[in-house]
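Work through the exercises below with the structure open. Try each task before reading its solution.

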Amino acid sequence: MGLFDRLRRREDPAVAANTWLVVGLGNPGAQYAGNRHNVGQMVADELASRIGASFRSHRTPSRVAEGFVRPGGAKLIIAKPNSYMNTSGGPVSALVKYASVPADRVIVVHDELDIPFDTVRLKRGGGHGGHNGLRDIAKALSTPDFVRVRVGIGRPPGRQDPADFVLRDFAGAERQALPSLLSDAADAVEAIVDDGLVAAQQRFHAPA
């Protein structure tokens, strides 16, 4: 029996068929916790709070919180990889094998430079757009066809290096709007799970 065979769990078939893996991307360590690059993990924290779950060490290289969206609803396995952003693929691959979920029930929540701050966009598949976390996950899963919740952080001002911009904390005005943004992104995850990606896109991509 291999490692990933040992990682798989036996679970009620009805629950297993409605289980979703939600991965919030970021970097580990307190020094990165408030960075724009860690907004995916902030959304994971919001989701875990909503379902009354706490993150715990896990047999995969991640911290994991598990629970149900509501009684009788979908089960969420919410994960924050212990690896740095650009090596997210290994932990996500291990989580997929642990949860026995297909790619279409994997939701990756991540920061997005090409979307204005305070905006959430949803998609399945596509390129990585220079995002090293997405690049590594697609390589590890041998497919890019997982769902992405793209949390807009906007472009850096002036000539600031994007790599420096994403590793800085949100600015003052952004911090005031951040709770609303995290709530919207968590709502988007729940909408995907409850109503499907197309319906969720219609809701979150509609003009304000």
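**Exercise 1. The end of helix 4**

Find the phi value that Ser-100 takes just after helix 4.

Solution. This is a predicted model. Go to the residue just after helix 4, which is Ser-100. Read its phi: the value is positive, about 55°.

Now step back into the helix. How many of the 11 residues of helix 4 are buried? Apply the cut-off: buried means under 20% relative accessible area. Gly-89, Pro-91, Val-92, Ser-93, Ala-94, Leu-95, Val-96, Tyr-98 and Ala-99 pass. That is nine of the 11 residues in the stretch 89–99, so helix 4 is largely enclosed by the rest of the structure.

**Exercise 2. The surroundings of Ser-62**

Decide whether Ser-62 is buried or exposed, and list what it touches.

Solution. Place the residue: Ser-62 lies in strand 3, which spans residues 62–68. Check its relative accessible area. The value is 1%. The cut-off for buried is under 20%, so Ser-62 is buried.

Next, list the neighbours, leaving out residues up to four places away in sequence. Ser-62 touches Arg-56, Ser-57, Ala-79, Lys-80, Pro-81, Asn-82, Pro-91 and Leu-95. Two of these names, Pro-91 and Leu-95, also appear among the buried residues of helix 4.

Finally, take Pro-81. It is 19 residues from Ser-62 along the chain, yet their C-alpha atoms are separated by 4.0 Å.

**Exercise 3. Helix 7 against helix 8**

Describe how helix 7 and helix 8 pack.

Solution. Start with the ranges: helix 7 covers residues 172–195 and helix 8 covers residues 197–204. Their axes lie 7 Å apart, at an angle of about 145°. The crossing is right-handed.

Then collect the contact residues. Helix 7 supplies Asp-184, Asp-187, Ala-188, Ala-191, Ile-192 and Asp-195. Helix 8 supplies Leu-197, Ala-199, Ala-200, Arg-203 and Phe-204. Sort them by type: seven are nonpolar, four are charged and none is polar.

**Exercise 4. The whole chain**

Judge how compact the protein chain is for its 208 residues.

Solution. Count the elements: eight helices and seven strands. Compare the radius of gyration, 16 Å, with the globule rule, 17 Å. The two are close, so the chain is as compact as a globular protein of that length. Its C-alpha atoms fill a box of roughly 55 × 35 × 30 Å along the principal axes.

Add burial: 49% of the residues are buried. Then check the contacts with a separation of 6 or more: residues 24 or more positions apart account for 71% of them. Last, the surface: about 9,800 Å² is accessible, and carbon and sulfur atoms hold 50% of it.

How values were computed:
Residues numbered from 1 in each chain as written. Predicted model: local features only at pLDDT ≥ 70, side-chain atom pairs only at ≥ 80, totals over all residues. Heavy atoms only, no water. Axes fitted to C-alpha atoms, helices over the stretch in contact; angles between N-to-C directions. Helix = DSSP H or I, 4+ residues; strand = E, 2+ residues; numbered from the N terminus. Left-handed = near helix turned anticlockwise from the far one by under 90°. Contact = heavy atoms within 4.5 Å. Nonpolar A, V, L, I, M, F, W, Y, C, P; charged D, E, K, R; others polar. Rg over C-alpha atoms; globule rule 2.2 N^0.38 Å. Buried < 20%, exposed > 50% of the residue type's maximum accessible area, 1.4 Å probe, protein only. Areas by Shrake-Rupley, 256 points an atom, 1.4 Å probe, with all protein chains shown as cover.
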